[in-house]
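Biologist: Please take a close look at any metal site in this model. Then carry on to the enclosed space and the aromatic rings.

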Amino acid sequence: MSQKYEPHIIEEKWQRIWEEKNVFVVTEDTSRQKYYLLEMFPYPSGKIHMGHVRNYSIGDIIARFLRMRGFNVLHPMGWDSFGMPAENAAIQHGTHPAKWTRENITYMKTQLKSMGLSYDWTRETATFTPEYYKWNQWFFLKMYEKGLAYKKKSYVNWCPKCSTVLANEQVIDGLCWRCDSLAEKRELEQWFLKITAYAEELLSDLDKLTGWPERVGTMQRNWIGKSIGAEVDFPIDNSQDKIKVFTTRPDTLYGATFMSIAPEHPMAEKLTVKSQESEVSRFMEKIKKQDRRSQAETLLEKEGVWTGSYCINPLTNKKMPVYIANFVLMEYGTGAVMAVPAHDQRDFEFAKKYNLPLQVVIQPQKRGQILNLFPETMTEAYVDDGIMVNSQQFNGMNNRDAMDAIVKELEEKGTGKKSVSYKLKDWGISRQRYWGCPIPLIYCDSCGIVPAPYEKLPVILPEDIKLTGEGGSPLAQSDEFIKTRCPWCGSSSARRETDTMDTFIDSSWYFLRYTSPSEDTSPFDKDKAKYWMPVDQYIGGIEHAVLHLLYSRFFTKVIRDLGLVQIDEPFTNLLTQGMVIKDGAKMSKSKGNVVDPDDLIKKYGADTARVFSLFAAPPEKDLDWSDEGVEGAYRFLNRVWRLVLESGVRSQESGVKEKTTPQSPVPSPQSPLWQEMNRTIKKVTEDIERFHFNTGIGALMEYINFLSRYEDKESKEFRGAVESLIVLLSPFAPHICEELWREIGNKELLANMLWPSYNEDALVKQEVTLVVQINGKVRSRLNIPAGSSQKQAEDTAFNDSKVKEWLQGKGIKKVVYIQDKILNIVAG
Ligand SMILES: [Zn+2]
Ligand SMILES: [Zn+2]
């Protein structure tokens, strides 16, 4: 063979051999411990990017390492292949989303294969195939049966010019992404999944996820947003009606001086009195154009309009004007907020703007002194704790204690009760788009909503749809799709639902499908899922901390309650890798700082790409791209190449037996070579276990320095040390190692070898320096075997020439020995 390291030749060769020999294909094997390793599957957008290279390199090193340690490793890959980019590409280039998607998958699959990733490709799954999305529909119908899927009116972004619904991502600074028209809110009937039914469990089970990064748990906790407080009824003045409010601050109830309700509140119209009608409708028109649900919400100027009505504070019996306010959202709580301007900053600003009264009910306390606040001089709301005032029998209490007392009072009066509230809302899954999974429901004039029969699934997404990007749901254009017979009464004028499902549903259970990807009588084989689940290690970006990772947890719990799995949580451990940065910014087309993995692999090979992305930074940190770093990784692999092929290793016979760790004459115990080898095995093993891949590679670099300096490169011992180098490096750079392994005469595939263990004896310090003191002064330092007895230490010391000199003509009076440290001689 050529002595030159030519990655493209050896990489293709070994990828082919691994595939032909089904090296990474796995089946259930109860005799071995299973390990399910999963990286978040990609969207087939066209090409893989450096973020993918990094994510998959991280996964692959763990997969290969654990295989070599004897685990039965499931490491699958697939495609999250429904969604807007395909539909947009189709609109812009006149192609079909299915064609675009298939071509991208084909190309990206070649790219992934060129990285030498150890996937079991027989389990490849794509969510846009009817074999997959059939089960989305099945799950939807099961949830519908259980009341977990329901329909209600909800607001969507709407472009009046394109007359279409816009996804949140399609509204850029309040404008339609295509035509720059001002996006509006429009109310449409939408399907929802009742994720709130699992709110408490989704929250409390976060405590079990000790293998997740702390901040992901925190983000989910905040997203679920549990708060404990009270539900309070405020009767409407001169009416039987009442407004229901949820508050986390029942202690401030005596300070509630007005009421703010959401513009969409069902009572808004009824509460508006004749004389206020024109002002209210002007206000409603104005806020229609405001983006009240975005992150800009906090910057939005607080505005409102009086309805002309009053409600009654149930504790003070005072009249409170009812306002419609732009900052109150119907989706949160009850859509009505009791306004306590003295103790809530938003209410404070609103009250100042509209000249509404402030009532202080909590006074701050400092060192036992109550400081009096006066409404006239307050410049901001007082939101902290203190002593209750202006609150009748609760005056003088600590406000924290008053919370429970006031709720009790409300309960006695029958106008309120203790209540728990969550920020988490039900999951709106209707999408007025084409490239997604059809919602399997039928509308019949006589029967109402009728589920598609299970035996008729999948409801196939028709391919002959013209995509223009205008109008409502594209599926509504297809008569052939819409018109169907009612499964219940047989009426021929029934119509199919034309919305498709949010693509987050596709990714909420795909990890289960991998356990039995060709199962066709249920979403997955129960026994196989029982063997493989949960995913032991999941790897993906922090951007999925909330939606995908929360939806997957929700689906898992629903699927458990359907009796298909026994687990409560899908992902035991989670690693969120950092971004790939170049020139100080995340790689992106718009910044022009993208490095194409194809070019990198073509020039240096996949092994270099892998070693670089693992060496440049710990996985959870951002990786700063550097050309020198890539060059460095390439040089390192070249050094390994030369060291192995230019030493005498090839002339030494292999002692390796099948599937075992290297057995050829290892360096003899206690030799420096032996010690270095064992230290390196320990270090690399522990570093991979802790995902400190960069320091693991660092240890291998030191090891190769050591081996390069080693004198007898023709010896059998050296061969043993080199074999360990190749095995330890192989999860990082599998191709070059497989080639070198074969090149030094091994028949068995390196990928099938077991990981070496290390000898603890080699890690113990073998020699210590003994300090010899004579009459309190240091007279000599001697190297002696660690753990020597006093007798052994004395024998060595009394034979030392320096010691002999100092003791000449003196008698030994006393000897004190501290093992491995000091020999103290008193002489005179
Ligand atoms: Zn538009
Ligand atoms: Zn019917």
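Modeller: A residue counts as buried under 20% relative accessible area, as exposed over 50%, and as partly exposed in between. Keep that scale in mind, and keep in mind that this is a predicted model.

Start with the metal. The zinc ion (ligand 2) is held by four sulfur donors: the SG atoms of Cys444, Cys447, Cys486 and Cys489. They sit at 2.2 to 2.3 Å from the zinc ion. Why is the arrangement called tetrahedral? The 4 donor atoms subtend angles of 105 to 114°. To count as tetrahedral, all angles must lie between 85 and 135 degrees, so this site qualifies.

Now read the site along the sequence. The spacing of the donor residues is C-x2-C-x38-C-x2-C. Take Cys447 and Cys489 as a pair that links distant parts of the chain, 42 residues apart. Cys447 lies in the loop between β23 (441–444) and β24 (448–451). Cys489 lies in the loop between β25 (483–484) and β26 (494–496). Buried or exposed, or in between? Cys447 has 26% relative accessibility, so it is partly exposed. Cys489 has a relative accessible area of 41%, so it is partly exposed as well.

Next, the enclosed space. Rolling a probe the size of a water molecule over the atoms shows where empty space is left. The count is 2 cavities of 30 Å³ or more. The largest has a volume of about 180 Å³. It is lined by 20 residues, and the closest to its centre are Glu87, Ile91, Thr164, Arg433 and Gly469. Two elements give two or more residues to this lining: α3 (84–93) and β6 (164–166). By character, the lining of the largest cavity has 6 nonpolar, 9 polar and 5 charged residues.

The second largest cavity holds about 70 Å³. Its lining is Phe24, Arg64, Arg67, Met68, Ser730, Pro734, Glu738, Leu750 and Ala751. Here α2 (50–68) and α22 (734–743) each supply at least two residues. The biggest share comes from α2, with 3 residues. The lining of the second largest cavity divides into 5 nonpolar, 1 polar and 3 charged residues.

Last, the rings. A pair of aromatic rings is described by the distance of the centres and the angle of the planes. The whole structure has 43 aromatic pairs. In one of them, the ring centres of Tyr35 and Phe71 are 5.9 Å apart and the planes stand at 75°, so the pair is edge-to-face. Tyr35 is in strand β1 (34–39), while Phe71 is in the loop between α2 and β2 (72–74), so the contact ties together parts 36 residues apart in sequence. Tyr35 is buried, at 14% relative accessible area.

Phe327 and Phe350 form an edge-to-face pair too, 5.5 Å centre to centre with 75° between the planes. Phe327 belongs to the loop between β14 (319–325) and β15 (336–339), Phe350 to helix α10 (345–354). They are 23 residues apart, and the pair links distant parts of the chain. Phe327 is buried at 7% relative accessible area. Phe350 is buried at 0%.

Ring pairs also build a cluster. Its members are Tyr132, Trp135, Trp138, Phe139, Tyr198, Trp427, Tyr454, Phe504, Trp509, Tyr551, Phe554 and Phe555.

Methods. Residues are numbered from 1 along each chain as its sequence is written. Chains are lettered from A and ligands numbered from 1 in the order in which they are written. This is a predicted model: local features need pLDDT of at least 70, side-chain atom pairs count only at pLDDT 80 or more; totals for chains, interfaces and linings use all residues. Side-chain values use heavy atoms; hydrogens and water are left out. Donors are N, O and S atoms within 2.8 Å of the metal (3.2 Å for Na, K and Ca); water is not among the atoms, so sites may look incomplete. Four donors count as tetrahedral if all angles lie between 85 and 135 degrees; four count as square planar and six as octahedral if opposite donors are over 155 degrees apart and all others between 65 and 115; anything else is irregular. Helices (H or I, at least four residues) and strands (E, at least two) are DSSP runs, numbered from the N terminus. Buried means under 20% relative accessible area, exposed over 50%, partly exposed in between (1.4 Å probe, protein chains only). On a 1 Å grid over the protein atoms alone, a cavity is a set of points where a 1.4 Å probe fits but cannot get out, and a pocket is an open set with protein on both sides within 12 Å along at least five of seven lines; lining residues have an atom within 4 Å of a point. Grid points are joined across faces, edges and corners, and a volume is the space filled by probe spheres set on the points. Ala, Val, Leu, Ile, Met, Phe, Trp, Tyr, Cys and Pro count as nonpolar, Asp, Glu, Lys and Arg as charged, and the others, Gly among them, as polar. Rings of Phe, Tyr and Trp (its six-membered ring) pair if their centres lie within 6.5 Å; planes under 30 degrees apart count as stacked, over 60 as edge-to-face and the rest as tilted.
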